[in-house]
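Thanks for sharing this one. Please have a look at the structure below, and then read my notes alongside it.

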Amino acid sequence: MKLYPLLSASLLLATFLIPSLLAEPCSAAFIPGNNITVERDGMTWNYDEKITDEEAVFFRNLIDIETGEGDGFVNAWEILKMEVILNGKMKKSLEEEPDVKLNSSSEPVELKDVEFWISKEALGRTGKKSAITNSASVTYSFKEEAGPGTDIWLMGTPDSSVTIILPPGFDVELTEGLENKSLEFKTNRALLKGNFGSEKNITILLSENETFKAELQNMETNKDKSPENGSEENVTRTAGENTEAGQVAGFFRNILKEINRNLT
């Protein structure tokens, strides 16, 4: 999600009111995290941020001043109105400066929906320094289906953590801008983990997971085989189960090899 130089989604208005707060976009008071799920036809970018200390006080005061009566107290109605304001400003910002590109172009990427939620932790006296953890979700659709050879460019907050979940059956041929990279596989999906570098951009190049593709073909072939009689059916079923178990075990052995290869 494009939050730099906006500092963070929930402090969007601060960029217009107090520019000096932008001096250190990754100070300890802001702890952002990103979870990106990529599909062939689109992606969802979920974002969460933890605001602490003086910045939490500032944000509570901002809600009170912009949507309330300035009485030093944040209530539920003020939070709801602030969510509407931030939704609109975030959407406008993303439309003006896209944070996702396919093959070096933002044209194939369409912004579908933006949602922002302010935590109930913001309720109460504006002088409280207790942490506030907010969240947002941005949904995109792709006019061109992502596939092997597609590069995906993402712009986020420098040093913020990120998990990128790839479409089923896909791997990453190369990555740029992802620091402290690690790779794992879960429910037939590759998960890239790390953090945005100081340049704030990550580029990943998709490739097809040949091992996964071969395993699916083998399993589909075994599934389509039909026994000719009842006695053979039992034998075939047992043999098929043993074969499938062996295939699954082999699949995970190959996955471990791929993880080691990608991390070296």
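Here are some numbered points, going from the whole chain to one helix, its packing and a single serine.

1. A word on the source before we start: this is a predicted model. The chain holds 5 helices and 13 strands. Of its 264 residues, 45% count as buried. If we take contacts between residues at least 6 apart in sequence, 72% of them join residues at least 24 apart.

2. Helix H3 is a good place to begin. H3 covers residues 76-96, which makes 21 residues. From first C-alpha to last, H3 reaches 31 Å, close to the 30 Å expected at 1.5 Å a residue. At its N-terminal end, the cap is Asn75, with a side-chain oxygen 3.1 Å from the backbone nitrogen of Trp77.

3. Which residues of H3 are buried? They are Glu78, Ile79, Met82, Glu83, Leu86, Met90, Ser93 and Leu94. Looking down the axis of H3, you will find these buried residues within an arc of 135°, so they line one face of the helix. Turned away from that buried side is a face carrying the exposed residues Trp77, Val84, Lys92, Glu95 and Glu96.

4. What covers the buried residues of H3? The cover includes helix H2 (53-67), along with strand E3 (73-74), strand E5 (109-117) and strand E7 (132-142).

5. The packing of H2 on H3 deserves its own point. Their axes are 9 Å apart and meet at an angle of about 90°, and the two helices are therefore roughly perpendicular to each other. On the H2 side, the contact is made by Phe59, Leu62, Ile63, Asp64, Glu66 and Thr67. H3 contributes Glu78, Ile79, Lys81, Met82 and Ile85. Glu78, Ile79 and Met82 also appear in the list of buried H3 residues.

6. Finally, do find Ser137 in strand E7, a strand that is also part of the cover over H3. Is Ser137 buried or exposed? With a relative accessible area of 11%, Ser137 falls under the 20% cut-off and is therefore buried. Its side chain is joined to that of Asn46 by a polar contact of 2.8 Å. Leaving out residues up to four places away in sequence, Ser137 touches Thr44, Trp45, Asn46, Asp113, Val114, Glu115 and Trp117.

Terms used. Residues are numbered from 1 along each chain as its sequence is written. This is a predicted model: local features need pLDDT of at least 70, side-chain atom pairs count only at pLDDT 80 or more; totals for chains, interfaces and linings use all residues. Side-chain values use heavy atoms; hydrogens and water are left out. Helices (H or I, at least four residues) and strands (E, at least two) are DSSP runs, numbered from the N terminus. The expected span of a helix is 1.5 Å times one less than its number of residues. Buried means under 20% relative accessible area, exposed over 50%, partly exposed in between (1.4 Å probe, protein chains only). The arc is that of the directions from the helix axis to the C-beta atoms. Contact means heavy atoms within 4.5 Å. A polar contact is a pair of N or O atoms within 3.5 Å; within protein, one must be able to donate a hydrogen and the other to accept it, and residues adjacent in sequence count only if both atoms are side-chain atoms. Axes are lines fitted to C-alpha atoms, for helices over the stretch in contact, and angles run from 0 to 180 degrees between N-to-C directions. Angles under 35 degrees count as roughly parallel, over 145 as roughly antiparallel, 65 to 115 as roughly perpendicular and the rest as oblique.
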